[in-house]
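User: Please take a close look at how the two chains of this model meet. I would like the contacts, the charged pairs and any pocket there described in one connected account.

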There are 2 protein chains.
Amino acid sequence: MDLTNILQQIEFIKEIDKLKYIQRKTRLFNSDRNENDAEHSWHLAVMAIVLAGHSNVPVDILKVVKMVLIHDIVEIDAGDTFIYDTQKNHTNTDDERLAANRIFGMLPPEQASDLIAVWEEFEAGETAEARFARAMDRLEPLLQNSSNGGGTWKEFGVKYEKVYEKKKVIREGSDSLWAYAEALINESVEKGILEK
Amino acid sequence: MDLTNILQQIEFIKEIDKLKYIQRKTRLFNSDRNENDAEHSWHLAVMAIVLAGHSNVPVDILKVVKMVLIHDIVEIDAGDTFIYDTQKNHTNTDDERLAANRIFGMLPPEQASDLIAVWEEFEAGETAEARFARAMDRLEPLLQNSSNGGGTWKEFGVKYEKVYEKKKVIREGSDSLWAYAEALINESVEKGILEK
């Protein structure tokens, strides 16, 4: 392995430090401190490892973990888009594609192509790995909001139908996690922390 | 997969949110904001994926990624110990073992045993995977301190010999990364940000 590779990889490693400054709308569990993208990505990776057995079909768990670790890196350039924002498309914007090319493109060419492909697979959401990774990405804020007396649902006036619509993507990755998530959504309505 | 498993796993997922509050001594790149353990663990996981090709021997990269994702979870109970603290042993304290049993023990028994074993393997540092994972754990703060005009070296008066001694563990995981790291340590001395 030559030194050029190491130098490019180190520059990438320094660059992605910026993910720690990208604030999400959701907050930590039982907290009013906003979560940042690096913390969020770490949490999804551990969730994927712990919950892998619930996937509807066997998945390459290393692929899933890679996906969730890198899925938000494009937000260093493109910023976080709130999932319930009706003005902007949440995913696959031109800005995100440019960001993927710039940031992953700092790596040696073969690695850059590999990570861009992993990111695109996550975004497309069509493979078993992408479906399970996306289920993690939807489940974490559901757990946070339900632990925070409604969290961003209350803060931004998001109602049951919209939450249900966005969260049912979990089912594509895992029927059993969806059963849990659906019960949690219904319980949130009963508790009065999610408006129907 | 029965509901009991899911409920135990979700309780674990909520509990480890606390890692986001554990502050490390080191600071983000070009920054004076302290890094927290969740951000640190995320960064090591991406580093492990990107730098895997530099391992002295082929490694099970999923195992390495698991190690770095969970290696600091015990600090939720035991707290962060500064690597250059001369009063306390950095690793394998009784507190950390109790913490591992309590926190991983929230999971279904088989998963708990699996993650405790992964954590113990990391701590022992004897397998190829543990050596590479530990190399990541030593490399990240070196990159941070050298980008921060000396960072914790200056702040706590840590000198060249001590830094060299702690960092040479990188060599056990990767000769090529150690060559890079050694050059960076020497360059830090020349720049006057690390005292000899």
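Analyst: What follows goes from the interface as a whole to its salt bridges, then to a pocket, and last to some sites within single chains.

The model is predicted, and every value below is computed from it. In the interface, 47 residues of chain A are in contact with 47 residues of chain B. The size of an interface is often given as the accessible area lost when the parts come together. Here chain A and chain B bury about 4,300 Å² between them. Carbon and sulfur atoms account for 77% of that area.

Charged pairs are also found across the interface. The rule finds four salt bridges between chain A and chain B, while the structure holds 34 over all chains. One salt bridge joins the side chains of E140(A) and K20(B), at 3.6 Å from N to O. This pair crosses between chains: E140(A) lies in helix α7 (residues 128-147) of chain A, and K20(B) lies in the loop between α1 and β1 (23-27) of chain B. Both E140(A) and K20(B) are buried. There is also a salt bridge between E140(B) and K20(A), whose closest N and O atoms are 3.6 Å apart.

The second largest pocket also involves both chains. Its volume is about 260 Å³. The elements that give two or more residues to its lining are α2 (37-51) of chain A, together with α1 (3-15) and α6 (109-124) of chain B. Of these, α6(B) gives the most, with four residues. In total 13 residues line the second largest pocket. Those nearest its centre are I49(A) and V50(A) from chain A, and Q9(B), E110(B) and Q111(B) from chain B. By class, the lining has six nonpolar, four polar and three charged residues.

Salt bridges are found within single chains as well. In chain B, the side chains of R102(B) and D77(B) meet in a salt bridge, with 2.7 Å from N to O. R102(B) lies in helix α5 (residues 94-104) and D77(B) in helix α4 (residues 75-78), so the pair ties together parts of chain B that are 25 residues apart in sequence. R102(B) counts as partly exposed because its relative accessibility is 36%. D77(B) is partly exposed too, with a relative accessible area of 40%. Elsewhere, salt bridges that share partners join D17(A), K20(A), R24(B), E35(B) and E140(B) into one network. In chain A, R171(A) forms a salt bridge with D175(A), and the closest N and O atoms are 3.7 Å apart. R171(A) has 48% relative accessibility and therefore counts as partly exposed. D175(A), at 43%, also counts as partly exposed.

A last site is S188(B), in helix α11 (residues 175-191) of chain B. Its relative accessibility is 2%, so S188(B) counts as buried; the cut-off for buried is under 20%. Leaving aside neighbours within four places in sequence, S188(B) is in contact with S146(B), W153(B), I193(B) and L194(B).

Definitions and conventions
Residues numbered from 1 in each chain as written. Chains lettered and ligands numbered in written order. Predicted model: local features only at pLDDT ≥ 70, side-chain atom pairs only at ≥ 80, totals over all residues. Heavy atoms only, no water. 1 Å grid on protein atoms, 1.4 Å probe; cavity = no way out; pocket = protein on both sides within 12 Å on 5 of 7 lines; lining within 4 Å. Points joined across faces, edges and corners; volume = space filled by probe spheres on them. Nonpolar A, V, L, I, M, F, W, Y, C, P; charged D, E, K, R; others polar. Buried < 20%, exposed > 50% of the residue type's maximum accessible area, 1.4 Å probe, protein only. Contact = heavy atoms within 4.5 Å. Buried area = accessible area lost by both parts, 1.4 Å probe.
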